Amino acid sequence: MTQSNTPRKPHAIISGAGMGGLTLALALLQKGFEVDIYEQSPELREVGAGLWISANGSRVMEKLGLKKELQAINLDPEDRVIRFWKTGEEHSVYNRGATDSKVDHTLIQVLRAELQRILYEAVIAIKPGAVHFGVRAVGAETMDGRARLLLDDGRAIEGDVVVGSDGAHSQVRQSIFGAAPARYTGANAWRGLASMARLKPQHQRALASTWVGPTAHVTTYPVQRGGEQFVSFSAQVDSEVWQTESWSERGELSDALRDFEGWNQDILDLFINSENLFRWGLFVRDPLDRWSRGRVTLVGDACHSMTPYLGMGVNMTFEDAYVLARCLEAQPEGVEAALERYDSARIARANRTKASSLEMLKVFHDPALERIDTGRSYIERNWSPEAVRQRYDWLLAYDATAVEV
Ligand SMILES: Cc1cc2nc3c(=O)[nH]c(=O)nc-3n(C[C@H](O)[C@H](O)[C@H](O)COP(=O)(O)OP(=O)(O)OC[C@H]3O[C@@H](n4cnc5c(N)ncnc54)[C@H](O)[C@@H]3O)c2cc1C
């Protein structure tokens, strides 16, 4: 019998089929790795309403060959505006501001579930059955030179590398680095999705808007699924009352209307017409200074869950996934060294983004926004072309597909 000289494909075991897990799986499958993903949900679930993908994230999607698919689920904004909470007065950020930046400030606006669907379809087109649904991980370890994902049914799945992309409450993170206590930021979040058909005509403008007020702000933008349009919105409001840190906790309309008393009717209409309302507490964890231990590592919210104020959570996750795939490709025989390279390439940038995102809360909520006269100059100062470039250019210019690793 002849023995094959083909080297064994390195095998990656991934916990969590969210944005990070599926992106990493696709990148690794395209690079010739064997991949299996273990996802706790019994199926892909609708979570998270809309998402913005910015240039740093869409570069990764394009490299993965998903440009056409992404365009098909996108709903292009014609402008990005900051609006005064009471009157809706607009201050354009794109058209007046960032166009003189050398960096691409384009936003792609999608439903999270649609994004997850195109990633999932691309993964199973290469490896049908790559995602094992209804399987919950409880931890991971390195033993005898192999990586193991530990499941709650007692099984241990062995591979060359284990990646925890199991979100902010990551079991993989907890098992390799211990508990990471979460601190309440002092803000509650709301999110919802309102069908365009139920809203007034002014909602039909394709604007990516952030309405800012003294103690709250609301980001709204249109998204679509199969041609049907919705307005996706997420709101943050200062509150001493803590809520659970979960994107899928239901909220009551009466509480939302109390939180946004005095706000422009266009904002209240979004809450009133939303199919479901969700409310949760925004928490932060201390930044990690290591993401990898032995043959186990982390991507996405598992290692840098952040406040949504810069719209960077998913974009950082795409960057992590692609850089990790490149590090593993460069050193398939030396997984531990590859993971060290990954840590060096990613941690400082992700932690800076996490810190900058938290700082934005102070910008979005300010007493100067109480009145229109002081509010107007506050908005013009804080969203001047220079301020926007300073806030975003370093984020958007990064290219995970080419950066040195
Ligand atoms: C309302 C809202 C709006 C947002 N808007 C933006 C935006 O505009 N731009 C942006 O960049 N980011 C945005 N984000 C953040 C973004 O959604 C996250 O940063 C991103 O989804 C992180 O990807 P992930 O793969 O790390 O985690 P997730 O996508 O959350 O996936 C984690 C997966 O792991 C699974 N899992 C969890 N535990 C286990 C376990 N023990 N075993 C097995 N599987 C497990 C989960 O079921 C899930 O499928 C937003 C978030 C929210 C809530």
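**From a core residue outward**

In this predicted model, a useful place to begin is A25, which touches I14, V35, I37, V123 and A130 once residues up to four places away in sequence are left out. A25 is also, together with L24, L28 and V123, among the residues with the most contacts inside the largest nonpolar core, a set of 113 residues. The largest share of this core, 10 residues, is supplied by helix α9. In soluble globular proteins, nonpolar side chains tend to be buried together.

Helix α9 therefore deserves a closer look, since 16 of its 18 residues have enough neighbours to count as buried, the cut-off being 20 or more other C-beta atoms within 10 Å. The helix runs over residues 313–330 and reaches 26 Å from its first C-alpha to its last, close to the 26 Å expected at 1.5 Å a residue. An α-helix has 3.6 residues a turn, so residues three or four places apart point the same way.

The helix that contributes to the core also takes part in the surroundings of the ligand, because the largest share of the shell, 4 residues, comes from α9 as a DSSP run. In total, 34 residues surround the ligand, and the closest are G16, G18, G20, G300 and G313. At least two residues of this shell come from each of α1 (19–30), β2 (34–39), β3 (50–53), α8 (301–304) and α9. Sorted by class, the shell holds 12 nonpolar, 17 polar and 5 charged residues.

Another residue to follow is V212, which is placed in strand β13, residues 207–212. V212 counts as buried because 25 C-beta neighbours lie inside 10 Å. Apart from neighbours within four places in sequence, V212 is in contact with I82, W85, H217, F364, L369 and I379. V212 and M143, by contrast, are 69 residues apart in sequence and 51 Å apart in space, C-alpha to C-alpha.

Turning to the chain as a whole, its secondary structure comes to 12 helices and 17 strands. The radius of gyration is 21 Å, close to the 22 Å that the globule rule gives for 405 residues, so the chain is as compact as a globular protein of that length. Along its principal axes, the C-alpha trace spans about 80 × 45 × 40 Å. Buried residues make up 47% of the 405 residues, and among contacts between residues at least 6 apart in sequence, 75% join residues at least 24 apart.

Key. Residues numbered from 1 in each chain as written. Predicted model: local features only at pLDDT ≥ 70, side-chain atom pairs only at ≥ 80, totals over all residues. Expected span 1.5 Å × (residues − 1). Buried ≥ 20, exposed ≤ 12 C-beta atoms within 10 Å, placed from the backbone. Near = placed C-beta within 6 Å. Nonpolar A, V, L, I, M, F, W, Y, C, P; charged D, E, K, R; others polar. Core = buried A, V, L, I, M, F, W, Y, C linked by C-beta atoms within 7 Å. Contact = placed C-beta atoms within 7 Å. Rg over C-alpha atoms; globule rule 2.2 N^0.38 Å.
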